[in-house]
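Work through the exercises below with the model open beside you. Try each task before you read its solution.

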Amino acid sequence: MKPDSQNVTDYTNNNTIFMVWNFKDNLQVDDVFKRLCSLIINLNNSANVRFPVSRASCVMGIGYDAWLRLQLPQPLPKELVNFAPIIGEKHTAVASKGDLHFHIRSDAPSWCYDIASAITDLLSSVADSVDEVHGFRYWDSRSILGFVDGTENPHGQDRELFSLIGAEDPEYAGGSYLFVQKYLHNLTAWKNLSTEQQEKVIGRYKANDIEMADDVKPANSHIALANVGDDFKIVRDNMPFGNMSTNEMGTYFIAYASTFTTVNKMLSNMFIGSPIGNYDRILDFSTATTGALFFVPTFDMIDAFSS
Ligand code: HEM
């Protein structure tokens, strides 16, 4: 039987709210978590019926510490751990605590708002909201750096292949590893580069989104280091966000993967470098301020957790 996966393989949407919650210490959280599981199923069913055209959904991920605290099934999903920082000579992929992650997507911002609000109403007595980012589609799916983001994502059946756990961990088949990082960009420094210099940082041409030829693409460009081979891909759904008054312009990096090892390899290439020291030039303009790994159960698993 095909596992009843959450909306992991959905394509990018126009509006997103990302939320990270941490349970408060010394509180009984099991009952609220059970109600939360029912709520997530209810919200997604309701979205399918009420707003089929707006492709609305809410994906819930659960972190390692929360999995243990909630006494969810043992053994754990094989690769679910607390993300350990990746420390390069110049840049670090920091680790931050995250018990629950919500990835709320819709064409309609109203839906995103209502879902975030319903989750907040339920969770706030037992957990703290430690991050909330409202992402938006920027023109033709560009990051706030001005380059189209998502082009080399897997398409068609490859999306399932690269994002959903398969026979290698049968108890958790249909689940997914979710990794997120909140990046802040130094847009002042970025804008001081010429378009040609920016293109060398990314490895693609800015206006037409075409990849540079291998003999032109710098070895420290983002796509030269993030591409770890055709058999090792992830499903990304990054969203830009921006606040002029606080000067916080960024990218919320989000990836679903059938194996976290692939994400780790990409991060190692970017932050430590390949070879060591040849780190990703995008990091000279982008600082990772968070980093957390979650497991995304199927709806069937969430249903079981709710009772
Ligand atoms: C490609 C932006 C962080 C993995 C790209 C592209 C852009 C981009 C513009 C080229 C178009 C595309 O194929 O999507 C960013 C920004 C980031 C970021 C603004 C945050 C500062 C990351 C991280 C990872 C990653 C942390 C992995 C852990 C990839 C992969 C590709 C890619 C796998 C496709 C490479 C290829 O096969 O050509 N990214 N990215 N990115 N990025 Fe990122």
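A nonpolar core is a set of buried Ala, Val, Leu, Ile, Met, Phe, Trp, Tyr and Cys residues joined through C-beta atoms within 7 Å. A residue is buried if 20 or more other C-beta atoms lie within 10 Å of its own, exposed if 12 or fewer, and partly exposed in between; C-beta atoms are placed from the backbone. This is a predicted model: local features need pLDDT of at least 70, side-chain atom pairs count only at pLDDT 80 or more, and totals for chains, interfaces and linings use all residues. Residues are numbered from 1 along each chain as its sequence is written.

**Exercise 1.** Find which residues touch the most other members of the largest nonpolar core.

Solution. Step one: the core holds 78 residues. Step two: F179, A255 and A257 touch the most other members. Step three: helix 1 (residues 30-50) gives the largest share, seven residues. Helices are DSSP runs of H or I, at least four residues, and strands are runs of E, at least two, numbered from the N terminus.

**Exercise 2.** List the residues that F179 touches, leaving out those up to four places away in sequence.

Solution. Contact means C-beta atoms, placed from the backbone, within 7 Å. Two alanines come up: A255 and A257. Then add F260, V263 and L293.

**Exercise 3.** Decide: is V216 buried or exposed?

Solution. First locate V216: it is in the loop between helix 6 (195-202) and helix 7 (222-226). Next, count: V216 has 12 C-beta neighbours inside 10 Å, so it counts as exposed. For the whole protein, 42% of the 307 residues count as buried.
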